[in-house]
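User: I'd like to learn how to read a protein model, one feature at a time. Could you walk me through this one?

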Amino acid sequence: RYVLKDLWRTFYDCVIIEQSLYRELYFYTLVGQIFFWDFKIVAKHKDEDLRIHPVLIGPTGTGKTESNNLIADVISSVPKRKYVNSEGVEILETFNNIFPKKLTDAALIGSYDAAVSQAQKFKKIKEGDERFTNPVIFGTFQENDLVIFDEAEIIFKPGRFSEQVQTHLRTVMNRYGTPGNTLSNDSLRAKDFVRYNPSCSIIMTSYYMSEFEIAFMEGGLMQRTALVIEEEDPEKRSKIQDEQIASVEDDNEEKFRKRLEEYKEIRFDFIDKLTVLKLETLTYREEWKPEFRKKISFSIDVKEKIKLYKEEIRSVIPLSIVQKEKFDSMLGRMVLVFFKFCALNAIIDGRTRVCVEDVDESFLLIRELAISSAEFIKTHTISLKQEEAYSKMERDVIMTLSKKELPKVELNKLMAKIWGVSEPTAINRLKKFRDAVIFDDRLSGVGNQKICKLRSGVSIW
């Protein structure tokens with residue numbers, strides 16, 4: 001199984017060492033975009049696309065840019081569609097990628113050249129005429145399949161400009177074809193002409209900076225991504241530096257010639273097998289119809305295995321109630337990424353049905369992504385005021401139940417009064433404290449009335 005993935009691993013490791021996490025994530029990003037056009041997952045009666053949007057936050061000089069260059073090289077060599085042109089010649093159109101430099105609305109979304117339009121109207125040149133020029137200028141997100149922000153620091157820094165770019169990125173990452181996935185240039189000239197559903201995959205890489213915490217905590221952008229946050233690792237950096245020294249050509253030209261030939265052969269073999277698989281499953285020819293994508297199916301056993309792994313992910317690192325709230329907000333989309341990984345494992349193995357082995361193959365990467373986010377939440381992003389507020393509420397519950405056990409209904413009403421909130425809000429908070437084993441409820445008495453009591457040995461001081 002997974003011969004194509006093994007080839008990618010060999011190919012990637014020829015260029016970048018000590019970055020197995022980047023390697024695995026970029027493989028799924030690559031095949032996710034390539035097979036987005038041919039396959040789909042159906043969830044809640046809606047077609048879910050297979051795109052993956054990685055964000056790498058880590059020290060400089062550890063392989064982020066090299067990984068970006070590698071995936072850009074590969075995807076530009078793979079056919080996106082095959083069709084016959086007006087002259088009867090068969091055309092293989094490959095995927096487009098870009099490292100954008102301009103981040104204005106016009107550059108990212110597209111614009112409309114009103115002067116060109118007016119000139120053509122004056123000359124009575126119509127669409128379809130040989131001299132016709134399209135006045136719509138396609139934006140980065142419309143004419144590219146892979147958009148790579150190699151130095152994404154400017155996107156994470158707070159400000160009106162970055163907030164606008166983040167809004168566009170959220171739109172791109174939303175499920176393809178939905179209203180939430182619709183980009184438009186709403187300027188007076190362009191609003192009736194520039195409107196579309198972007199299908200590109202997004203990659204963002206950056207070194208760590210304090211402003212990233214705001215992007216992580218607010219806005220919902222990071223929840224839509226496959227996020228990796230790496231701390232400085234002196235041992236790993238030393239190995240990378242040693243490999244960089246070893247890679248510089250020296251007097252042993254024969255050795256380096258063989259190494260280059262080996263690299264070219266591995267690259268050719270990987271791209272060749274990926275191309276063959278793409279052409280075997282191709283649905284995009286003269287025009288693309290999303291509804292014709294083939295459905296990837298999941299058995300009940302597979303879904304149960306994913307559910308078990310999801311519970312393991314939830315407790316991957318001990319978190320406080322406040323921290324767990326933030327982590328759980330990311331978990332829903334993380335589970336969706338899990339399903340995508342499983343589907344892509346089936347696709348590269350020539351199947352449209354996911355098996356348990358596909359789930360096991362995906363879990364290690366999902367677990368690493370979960371650990372990365374959980375550790376960051378635990379060490380960087382929790383507001384002290386939030387923690388203090390929850391600590392006070394926790395003390396309120398302990399002091400109340402230390403006096404006497406209470407029926408659940410009475411506790412709900414009493415805590416709503418103490419906290420000055422609605423009863424539904426109090427119930428929601430109490431559920432979190434119960435899940436954190438601050439108190440317990442048990443069945444007792446006539447009518448099985450739920451009684452709330454403190455857990456033995458509870459102490460928060």
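User: Which residue takes a positive phi just after α5?

Analyst: First, the general idea: most residues other than glycine have a negative phi, and most peptide bonds are trans. Here, lysine 124 goes the other way just after α5, with a positive phi of about 60°. Keep in mind that this is a predicted model, where local features need pLDDT of at least 70, side-chain atom pairs count only at pLDDT 80 or more, and totals for chains, interfaces and linings use all residues. Residues are numbered from 1 along each chain as its sequence is written, and side-chain values use heavy atoms, leaving out hydrogens and water.

User: What caps the N-terminal end of helix α5?

Analyst: That's a polar contact, meaning a pair of N or O atoms within 3.5 Å; within protein, one must be able to donate a hydrogen and the other to accept it, and residues adjacent in sequence count only if both atoms are side-chain atoms. Helix α5 covers residues 114-122, and aspartate 113 does the capping: one of its side-chain oxygens lies 3.2 Å from the backbone nitrogen of alanine 115. Threonine 29 offers another contact to look at, its side chain reaching the backbone oxygen of leucine 25 at 2.8 Å. You'll find threonine 29 in helix α2, residues 20-36.

User: How many helices and strands are there in the chain?

Analyst: Helices (H or I, at least four residues) and strands (E, at least two) are DSSP runs, numbered from the N terminus. By that count, the chain has 17 helices and 19 strands. Its C-alpha atoms fill a box of roughly 85 × 70 × 45 Å along the principal axes.

User: Is threonine 29 buried or exposed?

Analyst: Buried means under 20% relative accessible area, exposed over 50%, and partly exposed in between (1.4 Å probe, protein chains only). Threonine 29 counts as buried because its relative accessibility is 1%. Across the 461 residues of the chain, 46% are buried. At 82%, histidine 45 counts as exposed. Histidine 45 is in the loop between β1 and β2, and it also has a positive phi, near 65°, without being a glycine. Glutamate 18 is another non-glycine with a positive phi, about 60°. It sits in the loop between α1 (3-15) and α2, and is partly exposed at 36%.

User: In what order do the five strands of the open sheet come?

Analyst: Two strands pair if DSSP finds at least two bridges between them. Following those pairings, the order is β6-β9-β12-β3-β13, with parallel pairing. The edges are β6 (97-98) and β13, each pairing on one side only. β6 is joined to β9 (residues 146-149) by two bridges, with asparagine 97 partnered by leucine 146.

User: What covers the faces of strand β3?

Analyst: Look at the side chains strand by strand: in β3 (residues 54-57), Pro54 and Leu56 are buried on one side, and Val55 and Ile57 are buried on the other. β3 has four parallel bridges to β13, residues 226-229, where isoleucine 57 is partnered by isoleucine 229. Three parallel bridges link β3 to β12, residues 201-206, and there valine 55 stands opposite methionine 204.

User: Which strands form the sheet with mixed pairing?

Analyst: Three strands, in the order β2-β1-β14. β2 (46-48) and β14 (294-295) are edge strands with a single partner each, so one side of each has no neighbour in the sheet. β1 (residues 39-43) and β2 pair in the antiparallel sense over three bridges, and isoleucine 41 faces glutamate 48.

User: At what angle do α13 and α14 pack?

Analyst: Axes are lines fitted to C-alpha atoms, for helices over the stretch in contact, and angles run from 0 to 180 degrees between N-to-C directions. For α13 (residues 321-348) and α14 (residues 356-379), the angle is about 155°, with the axes 9 Å apart. That makes the two helices roughly antiparallel (under 35 degrees is roughly parallel, over 145 roughly antiparallel, 65 to 115 roughly perpendicular and the rest oblique). The contact between α13 and α14 has 16 nonpolar, four polar and four charged residues (Ala, Val, Leu, Ile, Met, Phe, Trp, Tyr, Cys and Pro count as nonpolar, Asp, Glu, Lys and Arg as charged, and the others, Gly among them, as polar).
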